[in-house]
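Please open the model in your viewer and keep the selection tool at hand. The stops below go from the sheet as a whole to single residues and then to the core.

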Amino acid sequence: MEISERTVELRFAWRSIQGPRVAARFQAVIEGEDPVMRQVLCRLLTLLEVQIPPGVEDPVLTPERLQTLEGKRVKVPEEALQGLTLPLKRETLTGGLRIPYFR
């Protein structure tokens with residue numbers, strides 16, 4: 001992996017238990033790149049914004065819970081650096097996946 005110190009904005013969206021998606025924007029720093037897999041290793045620095053649709057009350061998808069991702073590392077596809085919002089499962093936040101998405 002090649003090392004870079006670029007700051008980027010990453011966007012994620014999780015489907016709530018009611019159905020609509022909760023979106024979040026993070027400021028992140030690129031820590032490495034894998035050109036073969038076309039992935040970028042980033043560390044989330046700051047939660048910039050959370051968008052919760054009206055009427056959505058999901059105990060997992062709260063600004064406080066999403067803020068706990070600050071400081072975590074995540075591998076994202078190169079397209080995420082061009083503003084693509086990455087759709088994720090709620091399990092990426094609850095630990096319900098065998099391989100954690102955020103480390």
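Strands (E, at least two residues) are taken here as DSSP runs, numbered from the N terminus, and two strands pair if DSSP finds at least two bridges between them. What you are looking at is a predicted model, in which local features need pLDDT of at least 70 and side-chain atom pairs count only at pLDDT 80 or more, while totals for chains, interfaces and linings use all residues. Residues are numbered from 1 along each chain as its sequence is written, and side-chain values use heavy atoms, with hydrogens and water left out.

**The sheet**

Begin by selecting the strands: 5 of them form an open sheet with mixed pairing, in the order β4-β3-β2-β1-β5. At the edges stand β4 (73-77) and β5 (85-88), and because each has a single partner strand, one side of each is left without a neighbour in the sheet. Neighbouring strands are turned by 45° against each other on average, direction ignored, where axes are lines fitted to C-alpha atoms and angles run from 0 to 180 degrees between N-to-C directions.

**From β1 to β4**

Select β1 and β2 next, which pair in the antiparallel sense over 9 bridges; among the pairs to look for is A13, which stands opposite A23 in β2. The hairpin of these two strands has 5 residues between them, and there G19 takes a positive phi near 120°.

Moving on, extend the selection to residues 21-34 and 39-51, that is, β2 and β3, which run antiparallel and are joined by 11 bridges. Following the bridges in this pair, you will find F26 partnered with L47, Q27 with T46, and D34 with Q39. On to β4: this strand runs antiparallel to β3 and is joined to it by 5 bridges, with R43 having R73 as its bridge partner in β4.

**The turn at R38 and its neighbour Q39**

Now select R38, found in the loop between β2 and β3, in a hairpin that has 4 residues between the strands. Which sign does the phi of R38 have? The value is positive, about 55°, although R38 is not a glycine. Most residues other than glycine have a negative phi. R38 is partly exposed, with a relative accessible area of 46% (buried means under 20%, exposed over 50%, and partly exposed in between, with a 1.4 Å probe and protein chains only).

Select Q39 afterwards, which is found in strand β3 and is partly exposed at a relative accessible area of 26%. Leaving aside its neighbours within four places in sequence, Q39 is in contact (heavy atoms within 4.5 Å) with E33, D34, K75, V76, P77 and E78. A C-alpha to C-alpha distance of 9.9 Å separates Q39 from V74, which is 35 residues apart from it in sequence.

**The nonpolar core**

For the last stop, show side chains and select L10, F12, W14, C42, L44, V76 and F102, which touch the most other members among the 25 residues of the largest nonpolar core (a set of buried Ala, Val, Leu, Ile, Met, Phe, Trp, Tyr and Cys residues joined through side-chain atoms within 4.5 Å). At least two residues of this core come from each of β1 (7-15), β2, β3, β4 and β5, and the largest share, 5 residues, is that of β2. Finish by centring on L44, whose contacts, leaving aside neighbours within four places in sequence, include L10, F12, F26, A28, L69, V74 and F102.
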